[in-house]
Amino acid sequence: MPAERILILGGTGLARELADRLVAESYDVETSLAGVTEHPHLPPGRIRRGGFGGVEGLREYLKVQSIRVLIDATHPFAAQMSRHAAEAAGDVPLLRLELPPWPAGPGWIIVHSIAEAVVALPPAAIPLVTIGRKEIAAFLTHTKTGVARMIENPDMEFPPGWTLLQARPPFTENDEIALMRQHRITHLVSKNSGGSATQAKITAARALRLPVIMVARPAKPGVPTFATAEEISSSLRRLLYS
Ligand code: NAP
């Protein structure tokens, strides 16, 4: 019997973990990447890159590729892709793999957009901003000084008061505390991505009693959602073989 074809909408560490697991379980796995990261850490199995061309494109892809189950393992902030997946899936079962958000802690200022996060920062603040290259620009003009940390080079000029750090998680709490002290950070700005790989910045900010400007997750369509690759694997077994 041919292996069941599973399409994972990826772009996260968790999606890679899932591909690892499902390939080892002998599914026919393809991971789809948006193609925005120049040097992605690739999962096992087949890879496709680039958008599908909206809802219609994804619907067609699912049909032509005889996808048996679609798994949305995109980042919690990739709202459009998740919306498209829910609209395109039709009869193809759709599951979501998503890390639970970090629970709110003391000193959190919860905002609902990047624009609100910028406004929440006092102009004299020295923020550590960890939100990625596509959304950093507005911070660079709002405060004179700050540190922007991201995985890939944003390919843009940084004002003289700003420091660009290129680094890939995981990070340790001690290193995060040292970084915040070294740059005299006054605020942390983060998306509520969840997960342990990047949580150290949150505990470090708490240890230093720094306010955290936390961007809350966008709403996503209601689909069966799981927090681990193991839970997805069990759900797939129930769906396909019971
Ligand atoms: P988005 O706004 O939800 O999606 C924009 C468009 O990009 C989609 O309509 C789709 O194009 C294409 N796309 C997104 N994810 C795709 C995937 N896995 N495979 C194929 N096409 C995809 O997405 P985003 O926020 O720009 O995120 C892009 C990628 O980066 C996602 O894979 C996400 O998991 C990853 N990521 C995002 C963040 C974040 O903070 N947003 C953080 C870490 C990683 P078409 O309409 O043409 O199909």
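Start at Pro170, in the loop between strand 9 (162-166) and helix 6 (173-182). This is a predicted model. Select Pro169 along with Pro170: the peptide bond from Pro169 to Pro170 is cis, with omega near 10°.

Next, go to Asp155. Look for Asp155 in the loop between strand 8 (146-150) and strand 9. Its phi is positive, about 60°, although Asp155 is not a glycine. Is Asp155 buried or exposed? Asp155 is exposed, with a relative accessible area of 72%.

Now select Ser66. Ser66 sits in the loop between helix 2 (54-64) and strand 4 (69-72). Ser66 is not a glycine either, yet has a positive phi of about 50°.

Move on to the ligand. Show the 23 residues that surround the ligand. The closest are Ser32, Phe52, Met81, Lys134 and Lys191. Color the shell by type: 8 residues are nonpolar, 12 are polar and 3 are charged.

Which elements should you highlight here? Strand 2 (28-33) and helix 3 (79-88) each supply at least two residues of the shell. Helix 3 gives the largest share, 4 residues.

Finish with the polar contacts of the ligand. Select Phe52: a polar backbone atom of Phe52 is 2.7 Å from an oxygen atom of the ligand. Then pick Ala78, where a backbone N or O atom lies 3.3 Å from a ligand oxygen atom. Last, click His84. Here a polar side-chain atom lies 3.4 Å from an oxygen atom of the ligand. Switch on the surface: the protein covers 77% of the 810 Å² of accessible area that the ligand has on its own.

Key
Residues are numbered from 1 along each chain as its sequence is written. This is a predicted model: local features need pLDDT of at least 70, side-chain atom pairs count only at pLDDT 80 or more; totals for chains, interfaces and linings use all residues. Side-chain values use heavy atoms; hydrogens and water are left out. A residue is near a molecule or strand if one of its heavy atoms lies within 4 Å of it. A polar contact is a pair of N or O atoms within 3.5 Å; within protein, one must be able to donate a hydrogen and the other to accept it, and residues adjacent in sequence count only if both atoms are side-chain atoms. Accessible areas come from the Shrake-Rupley method with a 1.4 Å probe; for residues, only the protein chains shown count as cover. Ala, Val, Leu, Ile, Met, Phe, Trp, Tyr, Cys and Pro count as nonpolar, Asp, Glu, Lys and Arg as charged, and the others, Gly among them, as polar. Buried means under 20% relative accessible area, exposed over 50%, partly exposed in between (1.4 Å probe, protein chains only).
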